[in-house]
Structure formats: C-alpha cells, structure tokens
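Trainee: Could you pick one part and take me through it closely, then show me what else is worth looking at? I am still new to reading structures.

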Amino acid sequence: AWRTFKKKFNRDLQKAWSTWGSRLCSQSSSSTQPSHHPRTQAEKAKRRQAREKAILSSDVNDPGLLWSDKEKITYTAALVPGEKKDTTLPFPQSYSPEYVEFGWYQWWEKQGFFRSCDAHAVDKYFSFCIPPPNVTGTLHLGHALTVAIEDALARWRRMQGCKVLWVPGCDHAGIATQSVVERKLMREQGKCRRDYSREEFLKQVWRWKDEKGDEIYHQLRKLGASLDWNRACFTMDPGFSSAVTEAFVRLCDSGLIYRSEALVNWSCALEWTQRSCLAGLFCLFPVIKGEVAVSTTRPETMLGDVAIAVHPDDPRYKDLHGKHCRHPFTECLLPIITDSMVDVTFGTGAVKVTPAHDHTDFLLSQRHSLPRLTVIGGDGTMTSDCGQWLEGVKRFDARERVITALMERKLFRGKKEHPMSLPICSRSGDVTEPLLKKQWFVRCQEMGRKAVQVMDEGDLQIIPHFYTKMWKSWLSNISDWCISRQLWWGHQIPAYRVTLENSKDTEEQWVWGRSAAEARQRAAVKFGVNPDAITLTQDPDVLDTWFSSGLFPFAMLGWPQQTEDLKQFYPNSILETGSDLIFFWVARMVMLGRELTGQLPFKQVLFHSLVRDKYGRKMSKSLGNVIDPLDVISGVSLERLQEKVREGNLDPRESVVAMEAQKKDFPKGIPECGTDALRFALCSYKAQGEDISLSVSHVLSCRHFCNKMWQTVRFTLATLHDASLPTSLAETYPLSGMDRWICWRLYSTVQQCERGFQSYELHTVTSALHSFWLHSLCDVYLESIKPVLKGEGSGCEEQRDREKQVAVSVLYHCVSISLALLSPIMPFLTEELWQRLLPYADSDGTSRSLCVQPYPKTSQLEHWCFPKEEADFSLVQEVVRVARLLRAQCQLTKERPDLWAVCAPDQAETLLRFRSAVCTLGRISALHLHCPEAGFSDSPPPPKASAVGVVDHSICLHLSVQNGINADKQRALLSQRREKLASKLKQALARTQTPNYAEKVPNRVRQETENKIAAMEQELKNIEDQLLALEET
C-alpha cells in the first residue's frame, strides 16, 4: 500500500509539473544552514547521468576487483568466550583474518582494558563520544572510517597512559525510525500509525528497536572499537530523556526557547515538519492584477495573496507606490508595497505576497505588518478560505483550476521557464509545503555569536583549519531553530497548554516543567489560581532529534547531576566526526554546551572527509552503493550483495544502476580482507581534505601487507628459536652499518608516528609504518642479514657470533616496536603477533596485552639515532638498484658476477662500510672499489668487457660478465627504454599544461603526477649517463 501510494503520488506530481510547473518553497525559516551556491538541478542531473552512464556502459575496460581464494585457517582449540587464546599453538603457515581475530575482543572486554575506571593513569584524561549512529540501520564504510580514526586515537592515548573514556551510543532517529516502523506495519498488518493509540504505536517502535538495535553494536565490536560498553548510551534511555527535559526547561526559563507561528517545511504526505531540500525546474506566469503585471510560480496560492511588492527604485512602478489593486478572484483591495527584497530582474519586477506559503513573503509580512492567510492545509488540499470552487482540491490540481480561471477572465499573459530549487521530503518523496504552524523555536543569534567568538579566541580549535571560514559564515547568519516535530517517536515536548476554569481568553497559554506536577505548580503561580482549577494538555509534538543529540557530550556523563564522570571527563578532549555534520550537530553541541554547562563541550573538533564510491557518488542507502564493513571483513558473494540491494526498497532505476555497479566492481564478490586490513586502508587515506574515493582493491592490498607482517614474524620467531635471548632495548647497540641504518630507520619511523598522531594525520602514520616494514625491514634489512644469521662472514667465530647476537636483538626490537606502533590501527594482528613474541621479551611477567603497553617514544631510542647512516645508505641503495638493472640487461639470473665501482674517495668509504650489504642485495660475488683521483684501488681496474651503469652522475659501475657484453645490444636496450620514457614524460607534462589544471585536479593527484615526472626525468638522466659511459669504454 505504501509503495502504491508513493508511485501514484509521484505520477500525479509529475503530471502537474509537466502541465503547469510548480512553485518551490526555499529553505525553511527554521532551517539554519547557509547557502553555498549549490549546483542547479540541471547540473546535478547531468552529473548523475554521467555517472550512471559510466556504470551502465558496456565498453568499460575495468575488469573489476580480481582476487583468488585464500586458504581459510580457523582457531580450532576450545576457547571459553572471554578467555585468552593459546598462542603457544603451532604458528600457521599464512595469515588468515578469521584465525587472527578470533577471541581477542572478548578477552579485551573481560579484562576491562577499555574501561576508564580500570586505567592506571590518575592525572591524564582523554574523553570523547562516538557520533551516535541512527538506531534504524547498519553501519557502512563511511561509519567504518569514523570508527577506525576514533579507535586509533583512543588506543594511542590509552597506550600513552591516559585515562581514556570513549562512549558508545545510538540515536533514536525520530523521523527515520518512525518511517521504518510505519512502513513495516503497513507491509505486515496493513495498518498505519493512526490505527493505533500513541502508547500502542510506541510499543511497536520499542519492540522493533529491541530487535534491531544491537546490530550496530555487533558491527562496532567486529571493527575492534575499544569502547567503554558499560557506559553505552541511547538517547531515549530514562537518564538521557531526563537530561533532554532539563535542557528544554532551562532554555525556556532563560527565554531562549519560545513558541511562535512561523513557516516550516511541511510534508503533506507524512504530516510532519521536514528540512531536506532538492532542486527542480518550474514555469513562470505573468498575471494581471489591476494595473500591475505580476510574476508568480505558484498560482494555486493566489487566494492567499495579501499585497503586491515592487522594488522602491524600479522606475516602472514609481507612480503606484502606496496605491492598491484589486484581487482577480476575491475583489479585495491589495496594497502595493515597496521593499528592497524584491528582485527587479525576476519576471515583471512585481511579485504577489503570500505570507502563509512563502518564506520570503513571510519576512515581508513581518516588516510591513501584513495579514497571513492559509489556503493550503496540512494534508495538501485547499482550505475553505479559497471558496467552494477550490475547497478540498489537491494543491497541484488547484493550480490547473486557477490557471484556467485566469484564462477565462483574460488575465493570463503567458509563461516561460524559470529554474529554481524544490524541497523534497526525504522519507516520502513528497514536495514539502511552506505552512504556518505553531512551533517551538530556539533563539540562536546570541549563541551563534558566542560560538564564533570562542573559535576566534582560540578556545575551540577546528581541524582542518579551512572549515573555520564556513563556521563563521554560517553562525554569523544563523536563523532561529525550529525544534518541534509532529511525530510520536521521540522526546515529547515537556510543555503544557493551560486551560483555566471559566476563562474566556482564547489566546494560547503555555507552561513547561520537568513533570506535569511541576508544570501545574508553575501555572498556578503564573496565573494566580488554585492548581485544581487548571487543566493541562501536553504538547503532542516531540523534539527534533538534533536537540537531544546536541546534548550528547555532557548528557552521556550524567548531566544535569554533577557525577564523577562529568567532573573528570567534561569538557571532552575532542570531537571527531564527518564534515557533513558541522551544522546539524557540531555547532548545536557548542551552542547548547556553553549555554547549559557554562563550558565548551570539547576543545578540538576534527573533521574527516566523506567516503564516496569509485564513481564519485556519496555512499547512500538511497543509491544502493553502501558497503557493509562486515562484508569487507568476512567476504561476501556477488549474489548476496545483490540480494541486499533488492531488500533495500530502492527506486527501480537506482536498483538497476546499483546492481550493475556491483557486477562491474565485484564480479566475484568481495574477498575476506579482515578487520586490520580494512582499518589500515581507511586510516591510510588523507582524511582531512578531499573526499575519499574508497577502493576495496586497496583494502585487499592491505591484507597482503598483513600477510607480509605475518611471514616476517614467522622468520623472526625461527631466528629467535635458534639463537640466544635478545638483549634488552637499552643494552642493544648496533655494530654493523646495516644494523645502524635499520635502527635509525626505526627511530625516524617512531618520530613520524609521534608527529602523525599529535597532528591527527593518521595517513602519515600508516605511510611511515608501511614503508618501514615493507621497504626497510623486509626488502632490505632481512635480506642483508641472512648471511650474518647463518654465521657467514670474514671475521673469527667469536666476532661472527657477536654480530649474529646483535642482529637478532636488533631484529627482535624492530619487529616488537613496530607492532606496538601499529597496534592502535591494527589491533588484532598486532596482538596475535606480539603475544607470540612475548616469551622472548625482557619482561617482569606483568605484561598482559599489547593494547595497554606504553606507546614507543623516540626518547627510548636515543642510542639508536644515526642520521648519517640514512644519507650514506641512499647511495648504497642506488648502487644496488643499478647493479640489479645491469644484471637484468645482461639477462643474468643465477650467476653472481663481480662489480667494480669507479668512484670518489668519500663514496668508496661509504661503499666499503656497506660492502657486505651491496653484495647480498645486489646479488654479486664481490665489490671492487677503484678511486683514480686518490690513486686508490683494492683490485685491478674493471675489465673492458663489462656492462656499464652510472649512479648519481659520478659513480661508474662495471658488471663483469663471463662471456663478455655486447655493447651494441646494451646501447640498443637503453635507447629503446629512453624512447619509451620520453614519450611517457611528454604525455605527463602535457596533462599538467591543460587549462585550469591546478583548479580541476585534486592536490593528491597533482602530487602523484609530479612525483612520477620527477622519477622519469631522473631515469632519463641515468640512461644518458649510461650511454655516455658506454661510448667511453
């Protein structure tokens, strides 16, 4: 029935639009979001069609996400939930998310690691709340980004020794929840809300909430969120509801909440106040009224016209100022008023004024003391004030009748298109109607001014800083906030209409109170009567959901009672949330927090960007492009993904587009990636800037990184098993150049992690750790020390044993400290691996879990600070790179030829210190150093029959080849490579020279392009040097 109603309504609406066009009501007077020059409907439609075309196009070359099934390994030992896993079991051969993540979260919870009351810190506090998701649904990847960032911050602060309070919660989501339950009742029982009493309907809602409400908490646990579950908060809980009532009463007492008749955006289908807006195109109708040609886009509201307005400086109407004209239907005289709000370029420059059905006209009525006539009712039909010929007629049908009547009276003067915005109810698809309603409002001007002031004075920090301009602009022009909602689900407004015995006063009288008894007592005092002579009727409306959400930072801590939690953790340390909530939630928390507690609710606001799909569309349930994070964690088939789309009650076209996108993007479904890979991928995006185009393939690559970590620890454990216990960190002093280099790399990585967390730039943390683990530890250090671990070397046995012991200790601490650095971002994998390494730790036996260990600091590694090794080793890496390139050019696979380096004395000194590493990493048998300038050489000159390469324009490498080298062939290969590179470089440079390149291309893409260009230019220089060297041999 619901779907049938929506389809019929939309068909009727489309027919009305195509016939006559429609009038758009702009933003409600209750809306407080400023205009930022949004795209027109035509522009939005064009962008949407382009994206749909990209999805539906059959010639797209993108093969989608390609992957192969990995062996699933499960933890098969018996484990009571909450008990610790047995990490002495055999170490699996490969990484499996299901094995790793099993059991740890339940153990963390049971041990109380997430409870602030169990923390050891007494003077360092870190508190914040999770943006409470709507209880109606499930989390998607946009929510997962929030969780990944916030949990990383919570775990990092906990490891720093702070007493951390991170409060979970859910929002009751008044409109969304009531809509869902109403549709459910209509679908299952064929009943609507009005078929129940209020109490019966609310029982249905609570029953649904109890069935569905735990799903979000299950997702949060699977994501590894280290929330203090003992403090879980629901906005309809009794304690929270008391805080909402207290806030309303206090704000009423201070005069900040008032009741007034004002225009609100009203959904005629659902009969409640709305705030969402879309856009549309409609027509213009000049109409003759007296001697004035009037432009209008809403002829159906003509019966509510009370004046004609012109601009005072418009010369066309100078002679009509202060005069009257006659209404074409009612014959009433309408004053012609002047006001600078009138746009002289709109139509004829003269507009009709309908205060009860237009927000601009409502302001005009206030400025010119005009009456307000309501001609459209709450159900969308015309009222009796229109006369019998229109009474009860639907508003868009009435438009057609009015146009016909104007034509019959020869007062119609034509039409032309006029683009404008159209507000649409997000729940019903109904065009919302500006209607006069008695509502409760919050005065926001003074609170908004204070919210700007605290930011200007530095008491409130907004990150990234560019949001401060938006903050100032919006709060400096804020309107009053309508907090009434015509719903049953929510906090019923604690205001009561007063009826006195034998009173003839028809004017509304209202009181408010924390209870009906208090309200009655207030009314008795206010009107000087006996309480028994008073009849109270509570306002049936509920408060806007954002009103209760705005109290979250302090209501979650027990306010208005002065609890210990409130004393310790308020104000909160930070608020982290999506940038789309800056107006609806963040600004209101700041205003209400200052007003009700006398303090800012938090000291910092950290905004992250929105998550979009690969086609640039915001992840939205209405588009069917949301991805459940659990599907990425555990994997899901394409068939199940498509089932979810069909279950979502999408528009048929959106459903087709969504399912086609899934077929293209995930032809085999989504592989099992695991929680750690998902969290690492989410944190690796630069969240403080442009919107994030999330790619599941990126998450899959992070799973490969997890496997690399797994294999590294397997290697480390095998090494530790065959060696003495590693020395403590303080006693470990590196010996070789490679040891000193990896120690410095770790020191530098710890430093980058410290800075990244302090500045909330988690992408720098993930980048530093990924680079260290993959490119420094695995690709370089592990490979270079394998001969050392085997006892190979040129020194005596005692020296070789000493070198091996130091290498083992350095390796152990590099892995152990790296796991601690990664723990806030990848909690499950790091816990599993750290527990495996724990038996080898220099520990007093009190270590319990990695998540409560101290976070590594550079101060612990001062004795590992060797900055010179970094500069020297960059030369070594270039020598290794060119040596490998020469091997490839000579098609050497198994042979280990000798390598000569003709270089300067200082370069020879560096290569001498790293000679063993160059041989191991470059896969050469010996490195010979030749310095003609200093007359130094540790071997004969390089052979003439050798492959030649150049490093840093100054070192000439000669790779000895047994069968000689064909210089002509090497020259041809280099020339071929040079041509390919030159062509690619030309194309890349051409892209950077296109018009408006800097404005159109995101910073991230520009930076990547610049890096690629620099790399290609450097390689071209190296090729030129090699060709020159070949000419000289």
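Mentor: Happy to! Helices (H or I, at least four residues) and strands (E, at least two) are DSSP runs, numbered from the N terminus. This is a predicted model, in which local features need pLDDT of at least 70 and side-chain atom pairs count only at pLDDT 80 or more, while totals for chains, interfaces and linings use all residues. Residues are numbered from 1 along each chain as its sequence is written, and side-chain values use heavy atoms, without hydrogens or water.

Let's take Thr381 for the close look. Find helix 10 (359-368) and helix 11 (395-408), and you will see Thr381 in the loop between them. Is Thr381 buried or exposed? Thr381 is buried, because its relative accessible area is 17% and buried means under 20%, with exposed over 50% and partly exposed in between (1.4 Å probe, protein chains only). Next, look at what surrounds Thr381. If we skip residues up to four places away in sequence, Thr381 is in contact (heavy atoms within 4.5 Å) with Val375, Ile376, Gly392, Val393 and Lys394. There is also a long-range link to find: Cys268 is 113 residues away from Thr381 along the chain, yet their C-alpha atoms are separated by 8.9 Å.

You can read Gln805 in just the same way. Gln805 sits in helix 26 (residues 797-822), and this residue is buried too, at 17% relative accessible area. Beyond four places in sequence, Gln805 touches a run of residues: Ser724, Leu725, Pro726 and Thr727.

Now for charged partners. Side chains of opposite charge can pair when their charged atoms come close. The structure holds 46 salt bridges, each with a side-chain nitrogen of Lys or Arg within 4 Å of a carboxyl oxygen of Asp or Glu. One of them joins Glu643 and Arg640, with N and O 3.1 Å apart. Both belong to helix 20 (residues 638-647), and because they are three residues apart, about one helical turn separates them. Glu643 is partly exposed at 36% relative accessibility, and Arg640 is partly exposed at 30%.

Helix 25 (residues 762-789) has a pair of this kind: Glu783 and Lys786 are three residues apart there, about one turn of the helix. Their closest N and O atoms are 3.1 Å apart in a salt bridge. Glu783 has a relative accessible area of 33% and is partly exposed; Lys786, with 31%, is partly exposed as well.

What about Arg913 and Glu869? Their salt bridge has its closest N and O atoms 3.1 Å apart. Arg913 lies in helix 29 (residues 905-913) and Glu869 in helix 28 (residues 867-889), so this pair ties together parts that are 44 residues apart in sequence. Look at their surroundings too: Arg913 is partly exposed at 27% relative accessibility, whereas Glu869 is buried at 7%. Salt bridges can also be linked up: Glu246, Arg250, Asp253, Arg514, Glu518 and Arg522 form a network of them.

Let's move on to the nonpolar side chains. A nonpolar core is a set of buried Ala, Val, Leu, Ile, Met, Phe, Trp, Tyr and Cys residues joined through side-chain atoms within 4.5 Å. Which residues have the most contacts inside the largest core? They are Leu220 and Trp773, in a core of 168 residues. Helix 25 gives this core its largest share, 14 residues. Zoom in on Leu220 and, leaving out neighbours within four places in sequence, you will find Ile130, Leu139, Val147, Ala225, Leu227 and Trp229 in contact with it. Another core, of 65 residues, lies apart from the largest one; Phe240, Cys252, Ala555 and Leu557 are among its members.

Finally, trace two sheets. Two strands pair if DSSP finds at least two bridges between them. Three strands, in the order 19-18-20, make an open sheet with antiparallel pairing. Strand 19 (510-512) and strand 20 (534-538) are at the edges, each pairing on one side only. Between strand 18 (residues 495-500) and strand 19 there are three bridges, and Ala495 stands opposite Trp512 of strand 19.

The other open sheet has five strands, ordered 28-27-26-30-29, and its pairing is mixed. Its edges are strand 28 (936-937) and strand 29 (946-951), which each pair on one side only. Strand 27 (residues 926-931) pairs antiparallel with strand 28 over two bridges. To spot this pairing, look for His930, whose bridge partner in strand 28 is Ser937.
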